[in-house]
Amino acid sequence: MRFLTAGESHGPQQTTIVEGVPAQMELLEEDINQELARRQGGYGRGRRMQIEKDKVKFLSGVRHGKTTGAPITMVVENDDFKHWEKIMGTEPLSEEEAEKVKRKITRPRPGHADLNGAIKYGHRDMRNVLERSSARETTARVMAGALAKKILKTFGIEVGGQVLTIGGIHSAQTSYSSIQELQEKTEASPVRCLDPEAEKQMMEAIDKAKADGDSIGGVVQTVVEGLPVGLGSHVQYDHKLDGKIVGAVASINAFKGAEVGIGFEAANRPGSQVHDEIVWDKEHGYYRSTNNLGGFEGGMTNGMPVVIQGVMKPIPTLYKPLQSVDIDSKEPFKASIERSDSCAVPAASVVMENVVAFEVAVSFLDMFGTDNVDRIRRNFEEYVQEAKEF
Ligand SMILES: Cc1cc2nc3c(=O)[nH]c(=O)nc-3n(C[C@H](O)[C@H](O)[C@H](O)COP(=O)(O)O)c2cc1C
Ligand SMILES: C=C(O[C@@H]1CC(C(=O)O)=C[C@@H](OP(=O)(O)O)[C@H]1O)C(=O)O
């Protein structure tokens with residue numbers, strides 16, 4: 001299974017094409033819309049989210065509520081496009097018209113893609129970079145992820161997530177009794193955090209950052225439960241699922257890294273306090289008494305929950321201006337600002353769940369087949385039994 005996204009932030013729509021989705025799977029637009037709505041929420045977002053009401057439209061690959069096996073095309077309209085039709089037009093403009101409508105950008109924001117993209121592609125108007133580097137694209141990635149979540153759910157695999165820190169404030173309550181509890185409690189929290197005291201402080205920190213014209217980042221966690229042993233493979237570097245997940249997470253806008261299980265903390269402990277001991281019983285088969293390694297050994301799942309943390313830097317567009325250089329005049333200036341989010345960590349935690357879900361679903365289908373849901377189920381169930389008795 002693979003996907004491509006296309007679309008500009010203020011263009012007409014976001015488009016995602018996913019190829020390799022098994023046939024005969026029940027799929028409704030509502031399955032995708034639920035994830036899109038989750039991504040739009042979260043405390044700290046700017047005015048753009050009041051304009052957009054992200055709803056998917058299926059354009060191919062789904063018929064009467066079921067997948068056909070053909071590529072699935074999904075689109076979400078950008079409601080903001082109506083304010084940008086001229087600026088984002090595709091027809092050529094005279095120089096005079098261009099001056100009037102283009103809202104040319106010549107002042108790069110430190111921390112955004114503006115300057116690097118402009119130099120690389122030769123754009124004197126950095127809007128040509130901004131439009132595609134914008135995290136509006138995460139709408140398209142969430143469409144693919146929501147489809148992946150649906151595939152995983154069909155086989156009893158659940159994905160959840162929580163915010164661990166925002167602006168240096170740590171959640172002191174990160175454990176939960178079931179993934180359903182994690183899903184329900186984080187859904188009820190404006191910052192997707194399990195700790196009510198930390199939630200309050202995080203919201204205050206977001207308010208303060210906004211009042212100061214600043215922005216803040218944080219750390220988010222994604223968990224996947226119900227996985228079989230052996231997704232991914234040790235036999236080739238690019239089959240290692242933990243590596244693919246870390247790469248995918250680091251590709252989310254503003255994400256600067258990802259860790260698996262206890263991650264960087266493993267450097268501080270002796271091996272005896274890192275590696276998860278192996279046990280077996282008739283009911284569960286093989287499992288581990290701890291899960292420090294976050295469900296991975298040798299690039300393969302070991303049957304324990306997959307646990308990944310991702311770190312998001314503070315948002316680059318600041319109302320408190322940072323020093324930069326105008327690419328036309330070469331004069332220094334202090335950036336003047338358009339609207340922006342002051343913290344998108346809660347929204348980004350939803351994006352990360354979906355990005356992880358996609359990588360896991362690809363490995364799942366690689367292992368059990370991609371054509372037909374019922375055949376995949378037979379392969380999966382037979383293998384789960386085999387692994388238990390192994
Ligand atoms: C959900 C989400 C919302 C974001 N909102 C903004 C925003 O409003 N303003 C901004 O400058 N950056 C925002 N970003 C971050 C930028 O898109 C990102 O920093 C930029 O594309 C440069 O890429 P890099 O930070 O990965 O190097 C957001 C990121 C995410 C995941
Ligand atoms: C549109 C979304 O996020 C956007 C991501 C973003 C950026 O620079 O990454 C900048 C802002 O866009 P605008 O300049 O239109 O206000 C955010 O609103 C979205 O998440 O759907």
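User: What makes Gln-13 a residue with a partner in S6, and which residue stands opposite?
Analyst: Gln-13 stands opposite Glu-77 in S6. Strands here are DSSP runs (E, at least two residues), numbered from the N terminus. This is a predicted model; local features need pLDDT of at least 70, side-chain atom pairs count only at pLDDT 80 or more, and totals for chains, interfaces and linings use all residues. Residues are numbered from 1 along each chain as its sequence is written, and chains are lettered from A and ligands numbered from 1 in the order in which they are written.

User: How do you know that S2 and S6 pair?
Analyst: Two strands pair if DSSP finds at least two bridges between them. Strand S2 (residues 13-19) and strand S6 (residues 72-77) are joined by 6 bridges and run antiparallel. They therefore count as paired.

User: Why do S1 and S3 count as edges?
Analyst: The open sheet has 4 strands in the order S1-S2-S6-S3, with antiparallel pairing. Strand S1 (2-6) and strand S3 (56-60) each have a single partner strand, so one side of each lacks a neighbour in the sheet.

User: What makes H1 a helix that packs on the sheet?
Analyst: Helix H1 (residues 29-40) touches S3 and S6. Contact requires C-beta atoms, placed from the backbone, within 7 Å.

User: Which residues are closest to ligand 1, and how many surround it?
Analyst: Ligand 1 is surrounded by 19 residues; the closest are Ala-135, Asn-253, Thr-317, Asp-341 and Ala-344. A residue is near if its C-beta atom, placed from the backbone, lies within 6 Å. Helix H10 (residues 345-368) gives the most to this shell, with 3 residues. Helices are DSSP runs too (H or I, at least four residues).

How values were computed. Contact = placed C-beta atoms within 7 Å. Axes fitted to C-alpha atoms, helices over the stretch in contact; angles between N-to-C directions.
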